[in-house]
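Q: I have a model open and would like to learn how to read it, from overall packing down to single residues. Could you walk me through it?

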Amino acid sequence: MIGLSMTAYNEKTLKSFEEWVKAARELGFDFIELVSEWPHYLTRDNISFFREVLGSYGMKATVHAPFSDLNIASFNERIRKASLEIIRDTIELSAELGALAVTIHPGHCSPVSVKNRGEYLQIHRESLRRIARWSEEYGVKVGVENMPRFPILDAQNCDRLAEIIEGIEIRVTFDVGHLNTTTRNFDRFLGLFGRRIVHVHLHDNSGNKDEHLPVGDGIVPWKEVLPKLPPVTRALEVNDLESARRSLEFLKSLH
C-alpha cells in the first residue's frame, strides 16, 4: 500500500482537506498519513471529521505523532511527562481511527544531555518502554523513525537507533530520505532491523539536507533500494500534490 502524507497538504485550515483527499485518491493513493502537527493536530474534536472524510473515499490512515516542541528524552521531567502524554493520546486516537501504523520521533539532544550521555540514554529508553506498552495496550503498531542530518537530532544512523531501542518491544519507521542525508547505508539498515520495520517514508534529497523532494529528483538509489524494502505501508512525504504525482510516475517507471 502506498499513501500520501499531509506534508503535501499546504492549507492552514481543514476546509480544503476533503478536496485534497479526493485528489490523492484519484492519483492512486491507498491511504493518508495524518501529520498531527500544528495546525492540524489529531484531537478528540476532529477525529470524527478525519474518519468520515477518509471513509467516504475508501482511504485508510497512518499517523505521524506530534514532534515539534516535544522531547521524550528531556531531563526536565515536566517536559518529558507532557511529551509522553501527547504521544499516548495520539496512539489512543490512532487506535480509534483504525490507523495502520503510528510514527514517532526519538528524543533529541540538549546541552545537558550531551554532557550526561549515560543518563540521557537511560531516560530515553524508559520513555520508549512506556510507548511500547501503549502500543501493545491499544493494538497499534508504533515505529521509531530514523532522523536526518541535523545537530541536535538523535538516531541518525542505524547503529544509534539500534542502541536506543535494544531490548524494547517497539518497531521502526524507515525514512529512506533521512538515511540518505547521513550514512546512506541502506543495506545495513534493512539488514539490522528487518521485520521490525512497520512503515516506510519515501522522499528524495541531494544528500546534504532533508529537502523532501519528489522521488527521483535527488540522489537516492531507488532502483537498488525499492526492491529490498519490506512489504509494509509506504508513505510519500513530499511537499505538494504535483510532487506526489511526479513521484508516483517515477515509481511506476521502475517496475
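Q: What share of the 255 residues in the protein is buried?

A: Keep in mind that this is a predicted model. A residue counts as buried when its relative accessible area is under 20%. By that cut-off, buried residues make up 51% of the 255 in this protein. The accessible surface comes to about 12,000 Å², and carbon and sulfur atoms hold 49% of that area.

Q: How many helices and strands does the protein have, and how do I judge whether the fold is compact?

A: There are 10 helices and 8 strands. For compactness, compare the radius of gyration with what the globule rule gives for the chain length. Here the radius is 17 Å and the rule gives 18 Å for 255 residues, so the protein is as compact as a globular protein of that length. Along the principal axes, the C-alpha atoms fill a box of roughly 50 × 40 × 30 Å.

Q: What part of the contacts with a separation of 6 or more joins residues 24 or more positions apart?

A: A contact here means heavy atoms within 4.5 Å. Of the contacts with a separation of 6 or more, 77% are between residues at least 24 positions apart.

Q: Let's turn to pockets. Which residues lie nearest the centre of the largest pocket?

A: Start with volume, then look at the lining. The largest pocket has a volume of about 760 Å³. Its lining has 38 residues, with E37, H64, F67, S68 and H105 nearest the centre. By residue class, the lining divides into 16 nonpolar, 13 polar and 9 charged.

Q: And what lines the second largest pocket?

A: That pocket has a volume of about 310 Å³. It is lined by 14 residues, and I2, L226, R234, L251 and H255 are the closest to its centre. The lining splits into 9 nonpolar, 2 polar and 3 charged residues. Both α9 (222-225) and α10 (241-253) supply at least two lining residues, and α10 gives the largest share, with 3.

Q: Which two residues are joined by a cis peptide bond?

A: The angle to check is omega. W38 and P39 are joined by a cis peptide bond, with omega of about 5 degrees. P39 sits in the loop between β2 and α2. H40 belongs to that loop between β2 (31-35) and α2 (47-56) too.

Q: Is H40 buried or exposed?

A: Its relative accessibility is 8%, so H40 counts as buried. Setting aside residues up to four places away in sequence, H40 touches M6, Y9, E11, K12, T13, L14 and V35.

Q: What does P106 contact beyond its sequence neighbours?

A: P106 is in the loop between β4 (102-104) and α4 (111-115), and at 7% relative accessibility it counts as buried. Beyond four places in sequence, P106 contacts I72, H124, V144, E145, M147, D154 and A155. The C-alpha atoms of P106 and D69 are 13 Å apart, with their positions 37 residues apart along the chain.

Q: Where is R184, and what is its phi?

A: A backbone scan can pick out positive phi values in residues other than glycine. R184 has phi near 60 degrees and lies in the loop between α7 (176-180) and α8 (186-193). R184 is partly exposed, at 36% relative accessibility. H212 also has a positive phi, near 55 degrees. H212 is placed in the loop between β7 (197-202) and α9, and its 14% relative accessibility makes it buried.

Notes
Residues are numbered from 1 along each chain as its sequence is written. This is a predicted model: local features need pLDDT of at least 70, side-chain atom pairs count only at pLDDT 80 or more; totals for chains, interfaces and linings use all residues. Side-chain values use heavy atoms; hydrogens and water are left out. On a 1 Å grid over the protein atoms alone, a cavity is a set of points where a 1.4 Å probe fits but cannot get out, and a pocket is an open set with protein on both sides within 12 Å along at least five of seven lines; lining residues have an atom within 4 Å of a point. Grid points are joined across faces, edges and corners, and a volume is the space filled by probe spheres set on the points. Ala, Val, Leu, Ile, Met, Phe, Trp, Tyr, Cys and Pro count as nonpolar, Asp, Glu, Lys and Arg as charged, and the others, Gly among them, as polar. Helices (H or I, at least four residues) and strands (E, at least two) are DSSP runs, numbered from the N terminus. The radius of gyration is taken over C-alpha atoms; the globule rule is 2.2 Å times the number of residues to the power 0.38. Buried means under 20% relative accessible area, exposed over 50%, partly exposed in between (1.4 Å probe, protein chains only). Accessible areas come from the Shrake-Rupley method with a 1.4 Å probe; for residues, only the protein chains shown count as cover.
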